[in-house]
Every structure is written in structure tokens, then in C-alpha cells.
Amino acid sequence: MKRIGLFCSGGDAPGMNAAIRAVVRSAVFHNIEVVGILRGYNGMIKGDFRPLTARSVSGIISRGGTILHTARSPEFMTYKGRKKAFGQLKNAGIEGLVAIGGDGTFRGARKFTTEFDIPVIGVTGSIDNDCWGTDYTLGFDTAVNIALDAIDRIRDTAASHDRIFFVEVMGRNSGMIALWSGLAGGADAIFIPEVREDLPAVARELVEGRKMGKTSAIVVVAEGEEAGGAFEIAKKFKRLTGLDFRVTILGHIQRGGSPTAFDRILGTRSGAAAVEALRKGKQNQMVGIQNGKMVLVPFCKMWNRRKRPDLGWLKIAEMMSV
Ligand code: ATP
């Protein structure tokens, strides 16, 4: 293999730049050229390419986001779009691809490789950590630590004003960020999409807590929680308890910022493993981490399987809130 293409697709995640740097430098080490494809599958269709050299990825390991930009591409969902994309890759002499993205990106890649002759290796970039087949996705650790930092700050003001705060963290379909940041931040309750919570019971516990001398409390809510986001849940609690609440939505700040050491290392190891996989003639597989070791997981195995959070953590959080 003499030349490979590299792109990010779907939502951005901290650590993607570390993975980009690692793909480029591992490839250069093995005398393989790397072409950066801008804005995911959209850039592939348009032929929006630029050469990446070892020097062009200097100084990016500490930066959040992705220097290649990312996008969602409705056009790539069509056969015509994918055919155009393949034509562009052929013209540029690209013989293999590394895709940094999530489940949707890999579905697209799998379809692409069954229609056209080009191998793809995936690296999971997603703050949600809901991808089956890997213990951690790139960006999750940073997102958890950003949420945790915010919870710690909110705790200071909650304690000073004797307030109850509802803090909404990201996770439309996954409660992983809420569970991790909530447990680490000493939340009094954690609401996640995977569990139907008994709101009146939790409301009673908050009222009881007040009576027992707890002057402030923090409830962490995943944005996809089925009873509604943090505002909706806070409203329901107000009706149930008569207590006053404050709500903070953390939103996109959880995606930005400098990646943690964990995400930089995961990105670096994943990028190197992706190039190694292409060199060995592998395709249609995702690089994951299981028990600290880098592994390859076939794309098709990931689908129809969801990584479930350990619900025992909710029990621990409940015990910690006595
Ligand atoms: P995130 O977890 O951040 O949402 P993702 O990779 O799952 O990341 P998606 O928006 O689901 O993000 O997918 C990214 C892109 O992959 C889509 O915009 C589309 O171009 C392509 N894609 C997704 N599913 C398919 C599919 N079934 N066929 C062809 N292309 C697809």
C-alpha cells in the first residue's frame, strides 16, 4: 500500500487529532503517503483532499476537535454519492482508508467497501462511549472530566446558597457520561436513558435529605433521559416537592478542549493500530481497546449490539447519597 486516505466523520471528539497525528506518523514511518480528506464523506465526494506530512501534524496532539473538520453527509447515503466518492479516491491514487467516527460512519464504510474495492479501518471517535466492542471510545474520558469539573464548580455555588441543582450532560441515547461524571462528582441522583426512574421516590429522598441536614444537592441528568431533559425533570420535581431548583445545561463545552492523557494515548495507539491493520491487509474492522489491549472488531459485529452501562453503579450512587 503506497497511499491511504484519512478522514473524520459524525460528531467531533477530543483525541481525534491525536489519532490523526498517529495515523500520519505511523504511515510515514512505513513509507506510506497520507491524504487528508476534509469534512468526512462530503469531502470525499467533492475531492476535497490535502496531503498530510509528518510536519503538518505537529503540535496537534494537545488540541481538541479535528484539524480535518467533520461533517454528516446525506449524499453519501446514496449509491450515486458513494460512486462519486470512489471516483475521487481512485483519481487521487488512494488505496485504503482510515475512518475516525462512530457507528454511522462505520455503517457507511461497510456499505462502501461492499460496493467498491477499497479497504477501510475504523477508529471510534465518540464522546458517548456507547460503541460495542471497545471498552472506551476516543473522547469519552475528556468529556467525563469536563463534566466533572463543571459539577465540582456547581457544587461550590450549590453549597453556598443551599440549592439543589440539576446538571444536564451529553448522551442522547447513552447514560455513560452521566453515570461516570455523576459517580465521580458525588451526585445525589443520576438519571440515564437506559433506566426508567421512579421520580416520586427520588423526590422523596431529596426532601428526606433536606430534613436530615443536607443543605444542597446535585442531580446529574443525561440529555436523552426519557422523562425529558434537566429542565423537564426539574419542573416535575418542583411540582412533587415544592422545592426550588436551578438547572445547568453543559452542552457542547463537553466536546471541546484539550484531550486528557488517556484520550491522547488511546488516539495514538488506535491510529498506529489502524495503519498496522491496513498494512496487514485487514478491512472492515474497527480498532478498539479491550482490557488495555488494542483489538480489531469487525464492523458487522458491532451492529445491533449496544454497550450497556453497569447499572450497579446507580445502586452505589444511591448508597453514597445517604
Ligand atoms: P456520532 O456517534 O457522533 O453520531 P456517527 O459516525 O455515528 O458519529 P452519523 O451521523 O450516524 O455519525 O454517520 C456519519 C455519516 O456516515 C453520515 O452522515 C452518512 O454520510 C454516513 N452513513 C451513516 N449511515 C450510513 C448508511 N447506512 N449508509 C451510508 N452511509 C451512512
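This report describes aromatic contacts, ligand surroundings, cysteines and one loop residue in a predicted model.

## Aromatic pairs

The structure contains 16 aromatic pairs. In one of them, the ring centres of Phe140 and Trp180 are separated by 5.3 Å and the ring planes meet at 85°, so the arrangement is edge-to-face; the angle is over 60 degrees, the cut-off for that class. This pair joins distant parts of the chain, since Phe140 belongs to helix H5 (residues 140–161) and Trp180 to helix H6 (residues 176–184), with the two positions 40 residues apart in numbering. The two partners fall into separate accessibility classes: Phe140 is buried at 1% relative accessibility, whereas Trp180 is partly exposed at 26%.

A further pair is made by Phe191 and Phe237, whose ring centres lie 6.0 Å apart. Their planes stand at 75°, so this pair is also edge-to-face. Again the contact links distant parts of the chain: Phe191 is in strand E7 (residues 189–191) and Phe237 in helix H8 (residues 230–241), and they are 46 residues apart. Phe191 is buried, with a relative accessible area of 0%, and Phe237 is likewise buried at 0%.

## Aromatic cluster and a charge over a ring

One aromatic cluster is formed by Phe7, Tyr41, Phe76, Tyr79, Phe86, Phe112 and Phe116.

Another kind of contact involves Trp132 and Arg305. The charged end of Arg305 is placed over the ring of Trp132, at 4.4 Å from the ring centre.

## Ligand surroundings

The ligand is surrounded by 16 residues, and the closest of these are Gly11, Arg72, Ser73, Gly104 and Thr105. Both backbone and side-chain atoms take part in polar contacts with ligand oxygen atoms. On the backbone side, a polar atom of Gly11 is 2.9 Å from an oxygen atom of the ligand, and a backbone N or O atom of Gly104 is 2.8 Å from a ligand oxygen. On the side-chain side, a polar atom of Arg72 lies 2.6 Å from an oxygen atom of the ligand.

Taken on its own, the ligand has 630 Å² of accessible area, of which the protein covers 79%.

## Cysteines

The model has zero disulfides. Cys8 is in none, and the cysteine sulfur nearest to its own, that of Cys131, is 15 Å away. For Cys131, the closest cysteine sulfur is that of Cys300, at 13 Å, which is too far for a bond; a disulfide would require the two sulfur atoms to be within 2.5 Å.

Cys8 and Cys131 are each classed as buried: Cys8 has a relative accessibility of 0%, and Cys131 has a relative accessible area of 8%. Both values are under 20%, the limit for a buried residue.

## Loop residue Asn129

Asn129 is located in the loop that runs between strand E5 (120–124) and helix H5. Helix H5 is also the element that holds Phe140 of the pair with Trp180. Despite its loop position, Asn129 is buried, with 2% relative accessibility.

The side chain of Asn129 has a polar contact with the backbone of Asp135: a polar side-chain atom of Asn129 is 3.3 Å from the backbone oxygen of Asp135.

Notes. Residues numbered from 1 in each chain as written. Predicted model: local features only at pLDDT ≥ 70, side-chain atom pairs only at ≥ 80, totals over all residues. Heavy atoms only, no water. Phe/Tyr/Trp six-rings, centres within 6.5 Å; stacked < 30°, edge-to-face > 60°. Helix = DSSP H or I, 4+ residues; strand = E, 2+ residues; numbered from the N terminus. Buried < 20%, exposed > 50% of the residue type's maximum accessible area, 1.4 Å probe, protein only. Lys NZ or Arg CZ within 6 Å of the ring centre and 35° of its normal. Near = heavy atom within 4 Å. Polar contact = N/O pair within 3.5 Å; in protein donor to acceptor, adjacent residues only side chain to side chain. Areas by Shrake-Rupley, 256 points an atom, 1.4 Å probe, with all protein chains shown as cover.
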